[in-house]
Amino acid sequence: MSKILNLLCLFLFSHFCFSQDWNYYQPIKAVGKVPKDFTEAYFSKYQSEKDQVSSELKKKEKNRQDDFYKSSEYFIDQLLTNGKVFYGDTITNYCQAVLNKIIGDDDELKKSIRVYTVKSPLVNATASANGIIFINLGLIAQLETEAQLAFILSHELIHFTNKHVLDQYIEEDKVRKGEDIFKNKSEDFKLDELSKYSKNHEFEADEDGFKKYFEKSGYTQRAAVEILEILQYAYLPFDVVAFDKSIFENENFIIPNSYLLEKVSTIKAVDDYDDENSTHPNLLKRKKRLNRLIKGNQGENFLVSESVFKHCQKMARFELSRLFLVEKNYIEAIYNSFLLLRNDSNNRYLRLSIAKALHALSMYENEDNLSEVLPSYKDIEGDSQQLYYLIDQLGEGELSILSLNYIYQLKKDFPNDKTIDIYFNRALKCLVFENDLRLDDFYTISQDSLKIRSNDLKDSLKVNKVGNSKIARIKSKKIEKESSGSENFWKYAFVDFMEDDLFVYALEDMESEYEDYLAAEIKPLKNRFRLRNRYASSRSLGIDSILFLNSNCLNLDYKANDGISYSESEENSTKYKAYIHECSDLVDLNVAFIDYKREGGIDNQTFNNLAILQSWVRERINHNKQNILVSDGEYMDSVIDQIGSRYISKTGNITIKGKKEIGVRVVRALIFLPFAPMIIEDLVTPNYQSFNYFYLFDLKTGDALLSEFNSYETKDSEDVLKSMVYSYLIQIKED
Amino acid sequence: MKKFILIFLAAPFLSQAQSIPGYLGKRQVVSFDFNFIPSFVVTNNEDMTDDIAIKMTYKNGISYDFISDKSWSYTGSLDFTQTYMEATAADFNGYDHIRNPKISSIGIGAGIKIYLQHLAPLGSHLELKLLYRNSYVSDYGFEEEIVNGIEELNVSQLGFGIGYMKSRVFNDHFVFSYGMNLNMLLSLSDILFIDTAPIFNLGSDVLKDNIKTRIQLKETIYMKFSIGYLL
């Protein structure tokens, strides 16, 4: 049966291999029926886990396990519904096939465990207590063989079968409560013991995983150690290749070598690092233990399919470019795309990813916030450091010029591409409006032509016998300096495009738009953006219908075991939605909710829409007031058609119940008697700190139409929440 | 000044052009206010003894709020209270049979409420008010033949009040508030320097001063509870 399944999977893989257009790479989408893991209510999942707790356990242990499942199911549910976890796609199916391969004939285990991929660039995999193995795309991108993936899955299987997550929770709970061996022990002792406990789990997962599953599966045993070496350098990109600045250059636009480091910093990662307080043992110790188990070089690197592995690896690497953009890791997005472009030098998706990153960087630079998205090159190791240094060295406006130059070159290669057009217009606007640069600021002829002209001028000055005059010397020096090109390399940025009517007219049009703008005596855009408060109160938007993206409430409680009041959070989320419905009826605004938890489940299309919308909204919120195009913007038109609304809202509430200092308040009550009613009320109610947020975005333009963040020191009571929700909705509806 | 007053008065109506939420669109609150404070000296009761004991002084009233902004409302109030003159002060002019004349007082207030944390009318807020209070002796305690022919003893006072309150809304309609108020009253005649004619041949100023003192003492500080209805 499993062989048939594997064959079926392979058929599906090959179908997808041929269907992917890498130039127009589409983000990975989930395929098929949405699994119950995503749609089942948290309480229901928790209840079914709770029911499995042995009734023979002592009450204390029972409560501890109950607390564990309450917390574990909550966090898994949050992870599953954050739009990053996928099912049924090529990579997930491939991982599942490899997992089936190593599990072999244990059908019971096969039924209780499943794999999902996570759209995260982090090199990581994790197993949950309820039998889900999460594999990050960052890990898939770094793997070199299927055998390495098989070892990781074997390792995670042991974490699941040996209930490591539950054991670790129980141990941490004992530490927290100072029970058993932790009674009256110092914090250092507790930390040390916890670290040892966790490390033992890792050794156990390595060794048992190797012996129980990996060794028997037929994969090459060396892969177990190879993967540890991959983990050692996991903080680096998937490859280390010297960065070539020529990807930004053209015939006349050459970035001076002074913008580059003479030597990049060496890679310092070692495998024998200090792991005293770490949850994982150091890699050298793990390698040593595994080496003792390896019995030779026999076995295969690929048992399911090498071609599908390569395809998945390529997909993961392509997806990384997008994920880095979404997470504002622009330099990593450029370097990742640069690495991939070596095999596909004119790939539209990869070049567009670089264009998006350059656009975002230039926008952040124009707002003097570049440091927010550009880590210090001194903290970077390896060849990518060169790129960090280069971007850091570019002076004011040079990043905008570089961005426009790159995007226009891309536009020339893909003239009918709508998305590239949008970025081209934005880059033009950025150059003219934000940097006040015009066509006249750039040279129209090449550096060589300028040199010839310089020499001609010198000759003519000599011929006219004015070569020794003051004016002649000034002119001559000026031309000499300009033609040397080292200082004003950016002035040659558009020489290649000066014969190009499309470029010249577009720039001139933007200039006249800017002139009109200035003529209207409006302050320059840069200042206007700062002055205009997009987040001002009492906006009147005149919108009739909006869509809410899963709105959540979170209740934190200092008394709760791990700080979260799970049941209250769940109940309040439901109530909050009801308040939104009630208030929307009052203001006559059509609202709909798009979320995972719906009676009868959701369909695959809704699932994929939810995922891309969550990613879009997350990125948009991260840009805050920066008017930057959201990197997933190009996928939004089809999403808008499917969801039937261009306005998306994200709202929620966080309430923290804190500890109260009773003594101080009693004294205060006695001193300030007239304030007694308030002080008594203060005494009997807990200390609260709450935050409520509401965002409304236009998916078409990326504009933040409404963005409110309210902080208040009371409970998230019905009147407070309704009052805020109404105030948001009335602003949306009213003209 | 005229302009300022006009703008102040017109503001509630001008502000209707914006998206003012109120509470679920309701922007008017009519409330019944109950103010009280345990007091050593001034009470509502006739029982004026020299014993030092804490007695309750109180006043009732109604108020109307109009929410004009997210954190701003206009408020107007009307309240009624009564107290008694001090026996010693009233015992003058040979009429030793006078018994604590009763003072009745009507107060009118107008001002603003500034909401500090939540949207009006919720949460903690400051109340700033201008006050007008008219107090008069409603029952002199004289025998009838003496009262006849005596001009009414009437005192007008202006003042200001400041309050700190907290409000909650229940059932989307009922506003429950609690807090405290501080009021300071000045005699209108003192402010306007009006030389009022004596009512009695002797001691009318003493009587008036007594009324002022009593009212001021009574008005100085209150704990306040109010229950309102959102319109």
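Modeller: Helices here are DSSP runs of H or I with at least four residues, numbered from the N terminus. This model is predicted. By that rule, A:Asp368 falls in the loop between α15 and α16 (370–373) of chain A.

Biologist: What makes A:Asp368 count as exposed, partly exposed or buried?

Modeller: Its relative accessibility is 59%. Exposed means over 50%. So A:Asp368 counts as exposed.

Biologist: What is notable about the phi of A:Asp368?

Modeller: The phi of A:Asp368 is positive, about 60 degrees, although the residue is not a glycine. Most residues other than glycine have a negative phi.

Biologist: Which other residue has a positive phi although it is not a glycine?

Modeller: A:Lys328 has one, of about 65 degrees. A:Lys328 sits in the loop between α13 (306–326) and α14 of chain A.

Biologist: Why is A:Lys328 called buried?

Modeller: Buried means under 20% relative accessible area. A:Lys328 has 11%, so it counts as buried.

Biologist: And A:Lys163, in the loop between α8 and α9 of chain A? Why is A:Lys163 called partly exposed?

Modeller: The value for A:Lys163 is 49%. Partly exposed lies between the 20% and 50% limits. So A:Lys163 counts as partly exposed.

Biologist: How do you know that α15(A) and α19(A) are roughly parallel?

Modeller: Look at the axes of α15 (residues 348–366) and α19 (residues 418–434) of chain A. They come within 11 Å and cross at roughly 25 degrees. Angles under 35 degrees count as roughly parallel. So α15(A) is roughly parallel to α19(A). The crossing is left-handed.

Biologist: What classes of residue form the contact of α15(A) with α19(A)?

Modeller: There are 5 nonpolar, 4 polar and 4 charged residues. Among those from α15(A) are A:Leu352, A:His359 and A:Met363. Those from α19(A) include A:Ile420, A:Tyr423 and A:Arg426.

Biologist: What makes A:His359 buried?

Modeller: A:His359 lies in helix α15 of chain A. Its relative accessible area is 1%. The limit for buried is under 20%, so the residue passes. Leaving aside neighbours within four places in sequence, its contacts include A:Ser403, A:Ile407, A:Ile628 and A:Leu629.

Biologist: Why is α14(A) called oblique to α17(A)?

Modeller: The axes of α14 (residues 330–341) and α17 (residues 385–393) of chain A come within 10 Å and cross at roughly 125 degrees. Roughly perpendicular covers 65 to 115, and roughly antiparallel needs over 145. The angle fits neither, so the pair is oblique. Their crossing is right-handed.

Biologist: Which residues meet there?

Modeller: A:Ile331, A:Glu332, A:Ile334 and A:Tyr335 in α14(A) meet A:Leu387, A:Tyr388 and A:Ile391 in α17(A). By class, that is 6 nonpolar, no polar and 1 charged. Glu counts as charged, while Ile, Leu and Tyr count as nonpolar.

Biologist: How do you know what span to expect for α9(A)?

Modeller: Helix α9 (residues 164–177) of chain A has 14 residues. The rule is 1.5 Å times one less than the number of residues. That gives an expected 20 Å, and the helix reaches 20 Å from its first C-alpha to its last.

Biologist: What covers the buried residues of α9(A)?

Modeller: The cover includes α4 (59–80), α8 (146–161) and α10 (187–217) of chain A. Among the buried residues are A:Leu166, A:Tyr169 and A:Ile170.

Note on methods:
Residues are numbered from 1 along each chain as its sequence is written. Chains are lettered from A and ligands numbered from 1 in the order in which they are written. This is a predicted model: local features need pLDDT of at least 70, side-chain atom pairs count only at pLDDT 80 or more; totals for chains, interfaces and linings use all residues. Side-chain values use heavy atoms; hydrogens and water are left out. Axes are lines fitted to C-alpha atoms, for helices over the stretch in contact, and angles run from 0 to 180 degrees between N-to-C directions. Helices (H or I, at least four residues) and strands (E, at least two) are DSSP runs, numbered from the N terminus. A crossing is left-handed if the near helix is turned anticlockwise from the far one by less than a right angle, and right-handed if clockwise. Contact means heavy atoms within 4.5 Å. Buried means under 20% relative accessible area, exposed over 50%, partly exposed in between (1.4 Å probe, protein chains only).
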